[in-house]
Amino acid sequence: MTRAKPFLFLIAMSLGLAGLFVRPAFAFDTTAQYGVLIDGPTGAVLWEKDGDVQMHPASMSKLMTLSLLFDALKAGTVKLTDEFPISEHAWRAGGTTSGSSTMFAQVGSRIPVETLIQGIIVQSGNDACIAVAEALKGSEPEFAIAMTKRGKELGLANSTFANATGWPDPNQMMTAHDLARLARHIIYDFPEYYHFFSEKEFTWNGITQHNRNPALFLDPSVDGLKTGHTEASGYGLVVSAKRGDERLILVLNGMPTEKARAEEAVRVLDWGFRSFKSYKLFAAGAAVDNAPVYQGVYSQVPLVATSDIDIIMTPDQRKEMKVSVSYSAPVVAPVAAGQRIGTLKIEIPDKPVQEVPLVAGGNVDRLGIFGRAFAAIHHMIFGG
């Protein structure tokens, strides 16, 4: 027999599943043409505006360049102290004479990888990006192919790359959702390098430049990531902020001015932190319910989740949440710890129904022959 038990006393509590990208229905407007706000720890989408529409990412796509470099550092094929050469192509296409953002690297020089990272993040140096591309894949076109391939592996289904810099190109396209996913990947998979994104200024070749991320200077909770601007893209940014235990990641693009970019970044982040809170329902291994056991040395077995069950939601969603547990009863002994027993079902307004597997929290051995006989008689007489 399958039992479904509603947790009426839990309606005022809340939970969630990691990495669930859903489409919320919250009315909130912005001057940005495209936007996405996600919860950092879970990846849940809290708000979006044309989040899956391809757009020109401009220098925000430098995050993909950095991602490939961080991959190489993590794999050990590159070290922070390694030096990459500045070719004539890097100097002409991304250096002083290019008229684009640059770290003012000198042609023919060799620059440490750690310095190139700072040049890309703080100074948005196109010369630094091309130097990385050529060092890792031999040429910028080959690096762009690797960017697209790696992007698909990371789940960036709507992103294609033609260069390492974000220079306008019809094949250099991303979505706000993909940029948010990429930012989350960098924050959580490369924490040892994330501190570079909060540097407010960097000096190279005698020239000091300030970080172009305006939110770093306007909101002390902001610690990254990257801005972008071209005529085709408008003004945009990928930004993340952490307040207490909560982290939000915001992508905005297609804004008309630098001022609008700065104001919208702070305004949307403030709204996000005010509107959404993270709640814990159960910790990993904590008993969610107890299921009756037939012919076992114990009459019950605890049902537990294998990981923490948390969710980020609005107070109104929290009030209307419904939670229930279902399983086939009774569970027949022997029962092994970790054995799948049931399902925790979560229903939250404006979110898809979520189902969390529940497993046995411990072993329950089978009764001996006489104990099983007694249990069978008891079950026939009293049921249960």
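Q: Given that helices (H or I, at least four residues) and strands (E, at least two) are DSSP runs numbered from the N terminus, in which strand does Leu225 lie?
A: Leu225 lies in strand β8, which covers residues 222-230, and the peptide bond that leads to Leu225 from Gly224 is cis, with omega near 20°. The chain as a whole has ten helices and 18 strands. This is a predicted model, in which local features need pLDDT of at least 70 and side-chain atom pairs count only at pLDDT 80 or more, while totals for chains, interfaces and linings use all residues. Residues are numbered from 1 along each chain as its sequence is written, and side-chain values use heavy atoms, leaving out hydrogens and water.

Q: What pLDDT does the chain average, and where is the pLDDT below 50?
A: The average is 89, and 89% of the residues score at least 70, on a scale from 0 to 100 that gives the predictor's confidence in each residue. Over residues 7-23 the pLDDT is below 50, and beyond near neighbours in sequence this stretch has 65 contacts in the model (heavy atoms within 4.5 Å).

Q: Why is Thr115 called buried?
A: Its relative accessible area is 11%, and buried means under 20% (exposed is over 50%, partly exposed in between; 1.4 Å probe, protein chains only), so Thr115 is buried. This residue of helix α3 touches Met103, Phe202 and Trp204, not counting residues up to four places away in sequence.

Q: Why are Ser124 and Asn205 put in separate classes of exposure?
A: Ser124 has a relative accessible area of 2% and is therefore buried, whereas Asn205, at 41%, is partly exposed. Ser124 is found in the loop between α3 and α4, and Asn205 in the loop between β6 and β7. Each has a positive phi of about 55° although neither is a glycine. Most residues other than glycine have a negative phi.

Q: How do you know that the span of α1 agrees with the expected value?
A: The expected span is 1.5 Å times one less than the number of residues, and for the 14 residues of α1 this should give 20 Å, so the distance of 20 Å between its end C-alpha atoms agrees. Helix α1 is mostly covered, since eleven of its 14 residues are buried, including Leu66, Phe70 and Leu73. Gly76, with a positive phi near 85°, follows α1.

Q: What caps the N-terminal end of α5, and against which helices do its buried residues pack?
A: Ser139 is the cap, with a side-chain oxygen 3.3 Å from the backbone nitrogen of Glu142. The buried residues of α5, among them Phe143 and Met147, pack against α1, α2 and α4.

Q: What makes a set of residues a nonpolar core, and which residues touch the most other members of the largest one?
A: A nonpolar core is a set of buried Ala, Val, Leu, Ile, Met, Phe, Trp, Tyr and Cys residues joined through side-chain atoms within 4.5 Å. In the largest, of 57 residues, Phe70, Ile117 and Phe197 touch the most other members. The largest share of this core, eight residues, comes from α1. Phe70 touches Ile117, Ile186, Phe190, Tyr193 and Phe197, leaving aside residues up to four places away in sequence. A second, separate core of 28 residues includes Val301, Val335, Leu344 and Leu358.

Terms used
Polar contact = N/O pair within 3.5 Å; in protein donor to acceptor, adjacent residues only side chain to side chain.
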